[in-house]
Amino acid sequence: MIVLIARKRDRGAFATLFEHFAPRVKSYMLRLGVANDAAEELAQEALLTVWRKAEAYDPAKSAASTWIFAIARNLRIDVARRDNRAPPRDDPVLELSSPPAPDAAISANEDEVRVGEAIATLPPDQARVIALAFFSDKPHSEIAAELKLPLGTVKSRLRLAMIRLRARLEDDLR
Amino acid sequence: MNPSHHPSEALLIDYSAGSLDAASELVIGAHVGSCAACARDVSLLDKVGGALLDDLPPAPTALDALATALARIERPAPVASPGAAQRTDWIRVPSAVLEAATKRRRWAAPGVWIAPVTGDRRGKRAYLLRIAKGMSVPRHTHRGDEMVVVLKGVYVDGGVSHHPGDFAENAVELVHKPEATMDGECICLIAADGALVPRDWVGRLFQPFVGI
């Protein structure tokens with residue numbers, strides 16, 4: 001879909017992508033504590049960025065959801081930092097690249113399914129801290145305080161989750 | 001050479017999730033940019049973020065959201081300003097870091113200069129620290145934990161060598177005196193909560209200049 005946008009500036013493909021992802025990006029922003037209007041605006045901006053940067057998308061490297069996640073995450077960080085002179089997030093991943101291979105999209109989308117399955121098989125303790133890490137806008141030290149758990153416990157759960165994800169995915173993902 | 005000292009998985013997860021403060025994010029980002037293993041982990045974590053995003057229940061958007069977006073894509077995109085050129089003798093860093101090195105350096109001790117990178121008054125601040133060949137930072141401790149990544153050269157701290165790309169997390173209570181080797185100057189990017197607290201007379205002498 002993003003490849004169609006890059007090659008043909010295909011508005012139909014953009015509309016399909018928008019209708020799937022804009023409500024999810026908005027949902028993500030709301031979870032991170034962004035107010036409704038700002039979340040709506042960030043969802044717009046994220047999908048607009050997809051349109052503008054479509055040429056930089058490499059389907060062999062990431063599924064559409066991964067790429068849009070990175071765009072949405074960076075946009076929110078940059079908006080939050082606009083007031084205090086901190087530099088915007090620097091992300092080589094979003095500044096590619098060579099032209100993608102035609103059949104590469106298939107493998108990245110399979111990855112996405114496997115990642116979903118891998119997350120689903122994490123023990124509940126580990127899945128919970130991973131979800132909080134991605135959706136609470138708090139670093140692990142604050143998550144530990146919120147859960148009233150020792151910092152070492154949260155760190156080791158995150159480490160164990162990472163080890164499981166690596167073990168399940170790294171043979172498959174290049 | 002691939003770095004041999006890495007951030008914890010928890011820090012890589014915070015980095016991928018986007019929940020780090022700007023200063024820590026710069027340090028971790030510089031390490032990830034020069035470390036194949038951590039870059040692989042972050043790419044896996046970004047996939048996790050993507051899968052979690054895709055799995056979220058959609059939030060209702062404005063009725064005219066798609067029409068607004070379709071109108072917006074017709075407008076020309078703003079032109080991004082090109083960043084400063086990379087330095088071949090440093091690991092890759094964002095242009096804001098390179099600019100700090102040329103525009104904001106100030107002497108802190110013999111052979112040592114510092115250059116503030118982020119202007120964030122809250123939370124951790126990022127700054128560059130340069131130690132001349134064979135020199136050291138006066139013995140000091142910190143007002144908070146600090147994260148360090150080597151951009152150029154090698155420093156030795158407590159008998160351990162840190163090479164370009166290497167990451168270190170120093171707890172608040174650590175008293176140390178990092179030294180550049182005789183091979184050349186060492187430049188590090190540091191995220192720290194507050195000023196260095198000098199622990200010997202040389203440091204105290206220079207303290208007024210280290211107002212980070």
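## One helix, two sides

On one side of H7(A), Ala145(A) and Glu146(A) are exposed. Which residues of H7(A) are buried? They are His140(A), Ile143(A) and Ala144(A). These three cover an arc of only 100° around the axis, which puts them on the same side of H7(A). There's a handy rule behind this: an α-helix has 3.6 residues a turn, so residues three or four places apart point the same way.

So what covers the buried residues of H7(A)? The cover includes H6 and H8 of chain A, together with H1 of chain B. Keep in mind that you're looking at a predicted model.

## How sure is the predictor?

The model as a whole scores ipTM 0.88 and pTM 0.89. For chain B, the average pLDDT is 86, and 87% of the residues score at least 70.

Confidence varies along chain B, though. Among its elements, helix H1 (residues 9–17) has the highest mean pLDDT, at 96, while helix H6 (residues 201–206) has the lowest, at 57.

## Chain A in outline

Chain A is easy to sketch: eight helices and zero strands. Reading from the N terminus, you get α-α-α-α-α-α-α-α. Of its 174 residues, 43% count as buried. If you take the contacts in chain A with a separation of 6 or more, 62% of them are between residues 24 or more positions apart.

## Loops worth a look

Let's visit some loops of chain A. After H7(A) comes Lys148(A), with a positive phi of about 55°. Lys148(A) sits in the loop between H7 and H8 of chain A. Is Lys148(A) buried or exposed? Lys148(A) is exposed, because just 6 other C-beta atoms lie within 10 Å, and the cut-off for exposed is 12 or fewer.

Asp137(A) also has a positive phi, about 60°, although it is not a glycine. You'll find Asp137(A) in the loop between H6 and helix H7 (140–147) of chain A. With 18 C-beta neighbours inside 10 Å, Asp137(A) counts as partly exposed. Then there's Ala56(A), in the loop between H3 and H4 of chain A. Ala56(A) has 14 other C-beta atoms within 10 Å, so it is partly exposed. Ala56(A) is 11 residues from Trp67(A) in sequence, and their C-alpha atoms are 10 Å apart in space.

## Where the chains meet

How many residues does each chain bring to the contact? Chain A gives 58 residues and chain B gives 46. On chain A, the elements that give two or more residues to the side touching chain B are helix H2 (11–31), helix H3 (36–53), helix H4 (64–81), helix H5 (104–120), helix H6 (124–135) and helix H8 (151–169). H2(A) supplies the largest share, 12 residues. Sorted by class, this side of chain A has 31 nonpolar, eight polar and 19 charged residues.

## Strands in chain B

Now for a strand with cover on both faces. All seven of the seven residues in strand S3 (residues 125–131) of chain B are buried. In a regular strand the side chains alternate between the two faces of the sheet. On one side of S3(B) are Arg125(B), Tyr127(B), Leu129(B) and Ile131(B), and on the other are Ala126(B), Leu128(B) and Arg130(B).

S3(B) has antiparallel links to two strands. Five bridges join S3(B) to strand S2 (residues 112–116) of chain B, where Pro116(B) is the bridge partner of Tyr127(B). Seven bridges join S3(B) to strand S10 (residues 186–192) of chain B, with Ala126(B) opposite Ala191(B).

Chain B also has an open sheet of three strands in the order S7-S6-S9, with antiparallel pairing. Strands S7 (160–162) and S9 (179–180) stand at the edges with a single partner strand each, so one side of each has no neighbour in the sheet. Three bridges join S7(B) to strand S6 (residues 155–157) of chain B, and one pair of bridge partners is Asp157(B) and Val160(B).

## The nonpolar core

In soluble globular proteins, nonpolar side chains tend to be buried together. The largest nonpolar core here has 108 residues, and the members touching the most others are Ile68(A), Val27(B), Leu128(B), Cys188(B) and Leu189(B).

What does Val27(B) touch? Leaving out residues up to four places away in sequence, Val27(B) touches Ala126(B), Met147(B), Val148(B), Val149(B), Leu189(B) and Ala191(B). You've already met two of these: Ala126(B) and Ala191(B) stand opposite each other in S3(B) and S10(B).

Key:
Residues are numbered from 1 along each chain as its sequence is written. Chains are lettered from A and ligands numbered from 1 in the order in which they are written. This is a predicted model: local features need pLDDT of at least 70, side-chain atom pairs count only at pLDDT 80 or more; totals for chains, interfaces and linings use all residues. Helices (H or I, at least four residues) and strands (E, at least two) are DSSP runs, numbered from the N terminus. A residue is buried if 20 or more other C-beta atoms lie within 10 Å of its own, exposed if 12 or fewer, and partly exposed in between; C-beta atoms are placed from the backbone. Two residues are in contact if their C-beta atoms, placed from the backbone, lie within 7 Å. A nonpolar core is a set of buried Ala, Val, Leu, Ile, Met, Phe, Trp, Tyr and Cys residues joined through C-beta atoms within 7 Å. pLDDT is the predictor's confidence in each residue, from 0 to 100. Ala, Val, Leu, Ile, Met, Phe, Trp, Tyr, Cys and Pro count as nonpolar, Asp, Glu, Lys and Arg as charged, and the others, Gly among them, as polar. Two strands pair if DSSP finds at least two bridges between them. The arc is that of the directions from the helix axis to the C-beta atoms.
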